[in-house]
Amino acid sequence: MIGRSPRGGSAATWSGLTLCALALTGLVATTLPEPADPEPPGPGPVAAFDDYCPPGQEPRAPDSADTAARESQNRVADPGAGTAEGVEVTPEQAVEYEEQLREALVAQRGRELAPPHTVPVVVHVISAEDGRGDVSDRRIRDQIDVLNRAFRGDYARGSEGTDTGFRFELSAVTRHADNVWFGDFNRHRDTIRSRLRQGGPETLNVYTTALDSGLLGYSTFPQNYANHSAQDGVVIAHDTLPGGERDRFNEGHTGTHEVGHWLGLFHTFQNGCQSPGDYVDDTPYEREAAAGCPKGRNTCPHLPGKDPVTNFMNYSDDACMTHFTQGQARRMIDHWTAFRGSDTRA
């Protein structure tokens with residue numbers, strides 16, 4: 001899974017299976033071109049800031065105390081039900097996901113690809129028995145509104161906006177007051193999700209709960225669904241929904257970020273300054289995750305473009321996040337067609 005730790009955050013190590021060309025502004029359909037041989041990824045290092053640091057590995061030194069505070073929060077990548085949740089996607093895992101996408105799209109060659117009219121959303125509220133974490137229906141509706149505005153391009157500035165074509169509709173809310181689940185969701189996550197998840201690959205299941213202080217949320221990838229359907233979905237800290245208490249991360253864009261992963265997007269800093277980056281042509285390369293909302297940041301100065309600090313798939317503060325690109329919209333459509341559309345259901 002991929003997540004967001006204000007960045008995806010600190011996480012424990014989990015056992016189990018090994019586990020983040022047509023303008024689409026106002027136009028959401030495209031035709032799949034003939035496949036080209038993928039450019040082999042460079043052997044370069046993973047982004048310098050990881051959501052999860054294995055034992056003995058230290059995160060990069062912060063530039064200041066303020067930066068350190070910001071980087072203690074993460075939206076992380078979860079490469080699937082079965083690896084340690086909160087682990088960043090390695091270059092090798094990214095290559096594997098890309099190969100799976102290309103293979104799945106072969107049958108769609110020559111067809112017009114488009115996003116669904118709406119994505120049904122089921123929200124599972126995991127709270128404590130004393131009411132902590134029991135987010136209101138209004139805040140849930142506000143989160144759905146944030147998703148629709150973000151994927152419609154409403155937060156964009158100037159010409160950066162892209163209407164991805166994806167829309168979200170709340171279909172159900174379930175509530176579960178359980179001190180054990182709320183107190184340590186990650187320890188019980190597999191059981192919780194397998195019991196509560198509703199719908200097929202086209203249904204977005206969102207779990208709100210308490211997460212470690214450094215963790216904002218995480219998500220599965222579309223490629224994980226075939227073998228781990230019961231774990232499919234997005235987990236977000238309850239205080240990141242609109243109106244929550246998480247400082248700098250309470251405007252709902254943890255949800256936006258994680259749904260981007262659920263639809264197949266990598267972080268903008270995937271592969272750092274090394275090809276193929278995040279596999280999206282119109283997002284500039286970025287050596288490492290952004291913290292806060294830095295101006296004019298350019299961590300890959302030998303490559304075109306400044307860092308995509310305001311992109312929803314970065315680690316910037318919620319108030320700084322504004323848009324998806326046309327290439328990201330196209331990539332989400334490809335993933336929807338390959339893994340989540342009606343033609344892919346068993």
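This short talk goes through helix packing, the nonpolar cores and some backbone details of one structure.

Before I begin, please keep in mind that what we are looking at is a predicted model, and that the values I quote were computed from it.

Let me start with helix α6, which spans residues 253–262, since several of the later points come back to this helix. It is mostly covered, with 10 of its 10 residues buried, and if you follow it along the sequence those buried residues are H253, T254, G255, T256, H257, E258, V259, G260, H261 and W262.

Which helix packs against α6? The partner is helix α3, residues 137–152, and the two axes lie 9 Å apart at an angle of about 60 degrees. An angle of 65 to 115 degrees would be called roughly perpendicular and one under 35 roughly parallel, and α3 and α6 are therefore described as oblique to each other. Their crossing is right-handed. On the α3 side the contact is made by Q143, V146, L147, A150 and F151, and these meet H253, G255, T256, V259 and G260 in α6. Sorted by class, that contact has 5 nonpolar and 5 polar residues, and no charged residues.

The second helix pair is α2, residues 91–105, with α7, residues 326–340, whose axes come within 9 Å and cross at roughly 65 degrees. Here α2 passes α7 in a left-handed crossing. From α2 the residues involved are E98, Q100, L101, A104 and L105, while α7 brings R331, D334, H335, T337, A338 and F339. By class, this contact between α2 and α7 has 5 nonpolar, 3 polar and 3 charged residues.

Now to the nonpolar cores. The largest one has 33 residues, and the members that touch the most other members are F151, F166, F168, L204 and L263. Helices α2, α3, α6 and α7 each supply at least two residues of this core, as do the strands β5 (119–127), β7 (204–209) and β9 (234–237). You may recall F151 from the contact of α3 with α6, and this phenylalanine is also on the list of core residues that touch the most other members.

What does L204 touch, if we leave out residues up to four places away in sequence? The list is V119, P120, V121, V122, F168, V234, V259 and W262. Of these, V259 and W262 are among the buried residues of α6 that I named earlier. There is also a second, separate core of 11 residues, which includes I126, L196, Y218 and V235.

I will finish with the backbone beyond α6. Just after this helix, G264 takes a positive phi of about 105 degrees. In the loop between α6 and α7 we find N271, which has a positive phi of about 70 degrees although it is not a glycine. Is N271 buried or exposed? Its relative accessibility is 3%, so N271 counts as buried.

Further along, a cis peptide bond joins S275 and P276, with omega at about 5 degrees, and P276 has its place in the loop between α6 and α7. Y279 is found in that loop as well, and for this tyrosine, which is not a glycine either, phi is positive at about 70 degrees. Because the cut-off for buried is under 20% relative accessible area, Y279, with 18%, is buried.

Definitions and conventions
Residues numbered from 1 in each chain as written. Predicted model: local features only at pLDDT ≥ 70, side-chain atom pairs only at ≥ 80, totals over all residues. Heavy atoms only, no water. Axes fitted to C-alpha atoms, helices over the stretch in contact; angles between N-to-C directions. Helix = DSSP H or I, 4+ residues; strand = E, 2+ residues; numbered from the N terminus. Left-handed = near helix turned anticlockwise from the far one by under 90°. Contact = heavy atoms within 4.5 Å. Nonpolar A, V, L, I, M, F, W, Y, C, P; charged D, E, K, R; others polar. Parallel < 35°, antiparallel > 145°, perpendicular 65-115°, else oblique. Core = buried A, V, L, I, M, F, W, Y, C linked by side-chain atoms within 4.5 Å. Buried < 20%, exposed > 50% of the residue type's maximum accessible area, 1.4 Å probe, protein only.
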